[in-house]
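The exercises below are meant to be worked with the sequence and the model side by side. Try each task before reading its solution.

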Amino acid sequence: MSSAEAAALFAALADPTRLALIERLADGAPRPIVALAAGTALTRQAVTKHLAVLRGAGLVARRPAGRETLYALRPAPLAEARAWLDEVGGQWEAALDRLKAHVEG
């Protein structure tokens, strides 16, 4: 994952509403906008805008189903982000280990 891809993904996830949409889709069942907006104070238009951001980051896919459009979570970008974070975290740990060895040495 490039830094630009990571930035787009984390920016999409930085919004509580978008995180809530991800949570609603996390069970793997595709849902229409009406179902995603149900029980929230969000309008369908607001949900549509948030889904567009999530789609732009590759986190959500959409497909037509009759008169509705169904949205589904794409978990691969989340796995890529986790791997990226593990890599960056490993680099920090290695740097801290080197610093500790230098200070104690």
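**Exercise 1. Pairing across a hairpin**

Task: Find the bridge partner of Pro-64 in E3, and then describe how strand E2 and E3 pair.

Solution: In this predicted model, Pro-64 has Thr-69 as its bridge partner in E3. Stepping back to the whole strands, E2 covers residues 60–65 and pairs with E3 over six bridges in the antiparallel sense. The link that joins E2 and E3 is a hairpin with two residues between the strands, and Gly-66, which lies in the turn, has a positive phi of about 70 degrees. Further along the pairing, Arg-62 stands opposite Tyr-71 in E3.

**Exercise 2. The order of the sheet**

Task: Work out in which order the three strands are arranged in the open sheet, and which of them stand at the edges.

Solution: Begin with strand E1, residues 31–32, which is joined to E3 by two bridges and runs antiparallel to it. Within this pairing, Arg-31 has Tyr-71 as its bridge partner in E3. Combining the pairings gives an open sheet of three strands in the order E1-E3-E2, with antiparallel pairing. E1 and E2 each have a single partner strand and therefore stand at the edges, where one side of each lacks a neighbour in the sheet. As background, strands of a sheet pair through backbone hydrogen bonds, either parallel or antiparallel.

**Exercise 3. The surroundings of Tyr-71**

Task: Decide whether Tyr-71 is buried or exposed, and list residues that it touches.

Solution: Tyr-71 is found in strand E3, which spans residues 68–73. Its relative accessibility is 5%, and because buried means under 20%, Tyr-71 counts as buried. Leaving aside residues up to four places away in sequence, Tyr-71 touches a set of residues that includes Leu-25, Ala-29, Pro-30, Ile-33, Leu-36, Leu-51 and Val-60, together with Arg-31, Arg-55 and Arg-62. For a distance check, Tyr-71 and Thr-17 are 54 residues apart in sequence, and their C-alpha atoms are 15 Å apart in space.

**Exercise 4. The nonpolar core**

Task: Establish how many residues the largest nonpolar core has, and which elements each supply at least two of them.

Solution: The largest nonpolar core has 18 residues, and those with the most contacts inside it are Ile-22, Leu-36, Val-47, Leu-51, Leu-54, Leu-59 and Val-60. Helix H1 (3–13), helix H2 (16–25), helix H3 (33–37), helix H4 (44–56) and E3 each supply at least two residues of this core. Taking Val-60 as an example, and not counting residues up to four places away in sequence, its contacts include Ile-22, Leu-25, Leu-51, Leu-54 and Tyr-71.

**Exercise 5. A charged pair**

Task: Identify the residue whose side chain meets that of Arg-31 in a salt bridge.

Solution: The general principle is that side chains of opposite charge can pair when their charged atoms come close. Here the side chains of Arg-31 and Asp-27 meet in a salt bridge, with an N to O distance of 2.7 Å, and the count of salt bridges comes to one. Asp-27 has a relative accessible area of 54%, so Asp-27 is exposed.

**Exercise 6. The surface of helix H5**

Task: Name the residues that make the nonpolar surface patch of about 480 Å², and then examine His-102.

Solution: The patch is made by Trp-92, Leu-96, Leu-99 and Val-103. Leu-99 is found in helix H5, which covers residues 76–104, and His-102 is found in helix H5 as well. With a relative accessible area of 64%, His-102 is exposed. The C-alpha atoms of His-102 and Ala-7, which are 95 residues apart along the chain, are separated by 33 Å.

Technical notes:
Residues numbered from 1 in each chain as written. Predicted model: local features only at pLDDT ≥ 70, side-chain atom pairs only at ≥ 80, totals over all residues. Heavy atoms only, no water. Patch = residues over 30% accessible without salt bridge, like charges linked within 9 Å, V, L, I, M, F, W, Y side chains within 5 Å. Areas by Shrake-Rupley, 256 points an atom, 1.4 Å probe, with all protein chains shown as cover. Salt bridge = Lys/Arg side-chain N within 4 Å of Asp/Glu carboxyl O. Helix = DSSP H or I, 4+ residues; strand = E, 2+ residues; numbered from the N terminus. Buried < 20%, exposed > 50% of the residue type's maximum accessible area, 1.4 Å probe, protein only. Contact = heavy atoms within 4.5 Å. Pairing = 2+ DSSP bridges. Core = buried A, V, L, I, M, F, W, Y, C linked by side-chain atoms within 4.5 Å.
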